[in-house]
Amino acid sequence: MEEREISQAVIRRLPRYYRYLGELLENGVERISSNDLSKKMNVTASQIRQDLNNFGGFGQQGYGYNVKFLYTEIGKILGLDETHNIVIIGAGNLGQALANYAAFEKRGFMLKGIFDVNPRLEGMTIRGVPVQMMDELKRFLEKNNIEIAVLTIPKTKAVEVANFLVENGVKAIWNFAHTDLNLPEEIIVENVHLSESLMRLSYNISSYNREHTK
Ligand code: NAI
């Protein structure tokens, strides 16, 4: 399949398509029209057609979309047909919560190691993965083809640790620490800010209330 440059806006929407199509598949639905998908997802049918046309358009006039095919193709575009080895750096509240999230493996993200500096956490295991100390990280990275590191440490330590990870072969960082990492261009960084999502929620509550108290 020929792939054109895809806008970040479309890429941000793809996981949602993937999730809905996965649910349809689980419910035995084989094909769906853009209109039906649009009703389910609460996006316009033309948006769906436009988005999916980016990948050569998997739909057929009068037939709609083949759910399994579309699900598989979007999975490939998202790189979910490959496995990615990950480590979590920082085994505190958030690191432990993420490590406990079993669905990662379902999507091909294999949790290989968890690291921290707190000796009290040493030896604790989360879903079978032991927490190791940071001084073991370098050797671990040399041996285990780790592609992604999840950063769940205090922001004051994030830049230093991120640089160390990159120097030791990590290619991508899922950064939860509230700070910019400024890494080399070839390193993929995805910053996550739950509080921004909460602010969007807050905005939507306020605007709903404004609308309904007019
Ligand atoms: P926490 O204090 O429970 O855990 C932090 C862990 O990092 C501790 O176990 C600590 O020993 C470890 N640590 C400290 N320095 C380290 C280093 N140099 N190397 C390895 N491990 C180190 O904190 P929590 O609540 O888990 O939050 C972790 C980070 O995630 C914080 O930066 C927090 O601000 C951020 N956070 C971000 C959210 C987001 O939406 N982006 C949501 C919640 C927290």
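## Aromatic pairs, an open sheet and helix α7

F140 has a relative accessibility of 12% and therefore counts as buried, since the limit for that class is under 20%. This value, like the others in this report, was computed from a predicted model.

**Aromatic pairs**

The count of aromatic pairs comes to 5. One of them joins Y101 and F104, whose ring centres are 5.1 Å apart and whose planes stand at 90°, so this pair is classed as edge-to-face. Y101 is partly exposed, with a relative accessibility of 47%, whereas F104 is buried, with a relative accessible area of 9%. F115 and F140 also form an edge-to-face pair, because their planes meet at 70°, with ring centres 5.1 Å apart. In this second pair F115 belongs to strand β5 (residues 109-116) and F140 to helix α7 (residues 137-143), so the contact between the rings ties together parts that are 25 residues apart in sequence. A cluster is also found, in which ring pairs link Y101, F104, W174 and F176.

The table gathers the relative accessibility of residues discussed in this report.

| Residue | Relative accessibility | Class |
|---|---|---|
| Y101 | 47% | partly exposed |
| F104 | 9% | buried |
| F115 | 0% | buried |
| F140 | 12% | buried |
| L137 | 0% | buried |
| N168 | 17% | buried |

**The sheet around β5**

Strand β5, which carries F115, is part of an open sheet of 7 strands with mixed pairing, arranged in the order β6-β7-β5-β4-β8-β9-β10. The edge strands of this sheet are β6 (125-126) and β10 (188-191), each of which pairs on one side only. Strand β5 runs parallel to strand β4 (residues 84-89), to which it is joined by 6 bridges, and it also runs parallel to strand β7 (residues 129-133), to which it is joined by 3 bridges. Strands of a sheet pair through backbone hydrogen bonds, in either a parallel or an antiparallel manner.

Individual positions show how β5 is placed between these partners. I114 in β5 stands opposite I88, while in β7 its bridge partner is V131. F115, for its part, stands opposite Q132 in β7, and with a relative accessibility of 0% F115 counts as buried.

**Helices α7 and α8**

Helix α8 (residues 155-167) lies across β4, β8 (148-151) and β9 (172-175), and its direction is at about 170° to that of β8. Helix α7 contains L137, as well as F140. Which residues does L137 contact once its neighbours within four places in sequence are left aside? They are I89, F115, F164 and L165, and L137 itself is buried, with a relative accessible area of 0%. The C-alpha atom of L137 is separated by 14 Å from that of N85, a residue 52 residues apart from L137 along the chain.

N168 is placed in the loop between α8 and β9 and counts as buried at 17% relative accessibility. A polar atom of the side chain of N168 lies 2.8 Å from the backbone oxygen of F164, and F164 is also among the contacts of L137. When residues up to four places away in sequence are not counted, N168 touches K138 and L141.

Note on methods. Residues numbered from 1 in each chain as written. Predicted model: local features only at pLDDT ≥ 70, side-chain atom pairs only at ≥ 80, totals over all residues. Heavy atoms only, no water. Phe/Tyr/Trp six-rings, centres within 6.5 Å; stacked < 30°, edge-to-face > 60°. Buried < 20%, exposed > 50% of the residue type's maximum accessible area, 1.4 Å probe, protein only. Helix = DSSP H or I, 4+ residues; strand = E, 2+ residues; numbered from the N terminus. Pairing = 2+ DSSP bridges. Contact = heavy atoms within 4.5 Å. Axes fitted to C-alpha atoms, helices over the stretch in contact; angles between N-to-C directions. Polar contact = N/O pair within 3.5 Å; in protein donor to acceptor, adjacent residues only side chain to side chain.
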